[in-house]
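Dear colleague,

I am handing over the structure below, and after it I have set out what was found in it. Please read the notes with the coordinates open beside you.

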Amino acid sequence: MIATDVDPRSARKVAAATRRAESNAFKNAKNRLTSRGATIAAIVIAVLWTIPTFGLFVTSFRPPADINTSGWWTVFANPALTISNYVNTLNFDDGGISVGQSFLNSLVIVIPATVFPIVIAALAAYGFAWINFRGKNLLFILVFSLQIVPIQVAISPLLSLFSTGLTIGNWAVFPGLNLNSVADSFARIWISHTMFALPLAIFLLHNFISAIPADIMEAARVDGAGHGQIFLRIVLPLSTPAIASFAILQFLWVWNDLLVGTIFTSGGNFPITKVITDLAGNFGQSWYLLSAGSFLAIILPLIVFFALQRFFVRGLLAGATKG
Amino acid sequence: MTAFFTWLAGLPPLLQIPVVIVAFAVVVGLILFFVEIAPRPGRVYTVIRLAVAVVVPAVVVLLLGVYNSAVWLVPVAAVLGGALFLLDFRSRGGKGYVLQLIAFMLPALALVLIGLAYPLIKTIGSSFFSNDSSRFVGLNNFAYIFSGGSGGLIDLINQIVWVLVTPVIATAIGLAYAVFIDKSHGEKVLKVFVFMPVAISFVGASIIFSFFYDYQQGNQIGLLNQIAVWFGGQPVNWLQTSPLNDALLIVILIWTQTGFAMVLLSAAIKGIPDEQQEAAELDGANAFQRFRNVTIPGIRPTIVVTWITISIVSLKVYDIIAATTQGQNGTGVISYDMVGLFNNLPPQTGTSSAEAVLLFILILPFLIFNANNIRKQRLGL
């Protein structure tokens, strides 16, 4: 038997549901309309954001004669492309070092300057997280606060500390690194970058290391592991994601840095950002140099960015206060 | 240590990387090895602890080269190490506790102290002294800046404009973009376009935009001037036209920071429970109302963090000015200017320090806000 008579109440329900469905459909259409507008706005922003980069990128592949006589947008009408700008720029030497050498210098600066702060900060973060001592919270807040101290504030005293040391009265507390005569030492910039990175590194790694379950630590301790083994065998492997996030932030920060590089390197070991900045100052209209040069300077960060975007985003989300 | 770094500087650049990293790894390995065996009971380990406590401070003093100025410092360090051993021996946390704590904390704390805390205090001190640091001048350096000396006042005002304008616009565009692309097709791809500049150095960004703003006699090769020409206008030498050039330089920073704001805010938007949006929708709220009454309250803390972070970046920015106008035509900011004063021959230490202190004062509210936040967080734990 099929129930033919319909309960009036459920009929009302059906009607209400239908009305709601209709109004929903209407609302959805309206939403879709606004979201179409939103998509168009988003695409406009995306295009605006990309055009300047794209323009310089195209320019870097055009013959120098063309660059200075016609806009890069004309390339679509008469395409003439070359990679000679890159070859010339790599070998270009403005009385100091070539752009190619400065690329190597940046590499020599960035790798140790990423490894050192990670390891030193991981040690301290472990101390903050798993060893109890008096004044721990206050110390942590102090270290954390130093994170946003402008580097401008630190450069003058730090530079004189490196070169002439610290003297109070007649007593030389610290004689300096004695590297004034060693022109091309990277020691100063490695140490400076490590110092400046530590507050953020400690903060990020501490957040992660302190979240490791206490049971794991306890189990290791019962098995006879000391702090050394726990740190090496448990803490470091478990914090790989946090380490990766910070490593990418620090890599990009050091590679892209200009100020620390300007102050703490000299002639022979200028990083690429410094050399490109000097080129911009001295050869402001030599766009074949500047276009190729700036893309040489940003190619490695872009590769890192695209390959490891996930960790990069995680690092940004976790440590959004460093400038 | 000087000898090591001197020897290292003589090596080919690429060879220096593995050498210095291995040297570093050996030191860290020794620290960890000691930390591991320190708390073990037994006479052998006590002797090891004593030896480490006495020898390590003395060796550090030797390595830093301090003995050159004071030979007696080495034995003093050793004696202090011995005292440290006694303290450790009788510590409540068990034998080896203090030494372990020091091994974990001291490398980082010493570097932070030397690299940030000491320079901060030193710079504040220098700002009250004359440029050759020979005599106390009180607030004269600050008076000099505020009276417009070495472009100080304009640079300070510019700096404040940078800090006020950049975060507002970058956060606004970033938020709009994050909302526009939320849950749309190709959201990930669209994100990359705006996010990519975050990975580009300020130097690279400056050159990208210098080219965009380029001015030529005759044919224009900079797109901005070409657009002006297409619309029948006259090309303008943008970066030499004050105060427009300041705005155009701020655009560069906004361009790099918007992606950062977008990613942070996008993540926050995704953190708002769907039910809230649906409930608002059922109540008949339109897209804009939902944005104002559901999205914004849900992400307010993230907006504050984004805004603060970008403010801090705009305070410190040095690279954009260095790679574009070098402070010419009224574009100077104190974070750039102070480096120039410091690099002068002879260095204008007093004025330069005073500008650095002004920079620090500008950053102080953010520092206090952050410190307060983290304090609350830790007490809440």
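The contact between the two chains draws 105 residues from chain A and 106 residues from chain B, and please keep in mind throughout that this is a predicted model. On the side of chain B that touches chain A, the largest share comes from helix α5 (residues 97-126) of chain B, which supplies 18 residues. Sorted by class, that side of chain B has 76 nonpolar and 24 polar residues, together with six charged ones.

Turning to chain A by itself, you will find 14 helices and two strands, and 45% of its 323 residues count as buried. Among the contacts in chain A with a separation of 6 or more, 71% are between residues 24 or more positions apart.

Helix α7 (residues 187-209) of chain A deserves some attention. Of its 23 residues, 22 are buried, so that α7(A) is mostly covered. There is also a kink of about 45° in α7(A), which lies at L198(A), shortly before the proline P199(A).

One partner of α7(A) is helix α4 (residues 99-130) of chain A: the two pack with their axes 7 Å apart and at an angle of about 40°. Because that angle falls neither under 35 degrees nor within 65 to 115, α4(A) is oblique to α7(A). The crossing of these two helices, α4(A) and α7(A), is right-handed, and their contact has 22 nonpolar residues and three polar ones, with no charged residues.

A second helix pair in chain A is formed by α12 (residues 272-282) and α13 (residues 287-307), whose axes are 10 Å apart and which pack at an angle of about 165°. Since angles over 145 degrees count as roughly antiparallel, α12(A) and α13(A) are described in that way. The crossing in which α12(A) passes α13(A) is left-handed.

Which residues of α12(A) meet α13(A)? From α12(A) they are I272(A), T273(A), I276(A), L279(A) and A280(A), while α13(A) brings L289(A), L290(A), G293(A), S294(A), L296(A) and A297(A) to the contact. An α-helix has 3.6 residues a turn, so residues three or four places apart point the same way, and the numbering on both sides can be read with that in mind. By class, the contact of α12(A) with α13(A) has eight nonpolar and three polar residues, and no charged ones.

With best regards

Key
Residues are numbered from 1 along each chain as its sequence is written. Chains are lettered from A and ligands numbered from 1 in the order in which they are written. This is a predicted model: local features need pLDDT of at least 70, side-chain atom pairs count only at pLDDT 80 or more; totals for chains, interfaces and linings use all residues. Axes are lines fitted to C-alpha atoms, for helices over the stretch in contact, and angles run from 0 to 180 degrees between N-to-C directions. Helices (H or I, at least four residues) and strands (E, at least two) are DSSP runs, numbered from the N terminus. A crossing is left-handed if the near helix is turned anticlockwise from the far one by less than a right angle, and right-handed if clockwise. Ala, Val, Leu, Ile, Met, Phe, Trp, Tyr, Cys and Pro count as nonpolar, Asp, Glu, Lys and Arg as charged, and the others, Gly among them, as polar. The bend at a residue is the angle between axes fitted to the seven residues ending there and the seven starting there. A residue is buried if 20 or more other C-beta atoms lie within 10 Å of its own, exposed if 12 or fewer, and partly exposed in between; C-beta atoms are placed from the backbone. Two residues are in contact if their C-beta atoms, placed from the backbone, lie within 7 Å.
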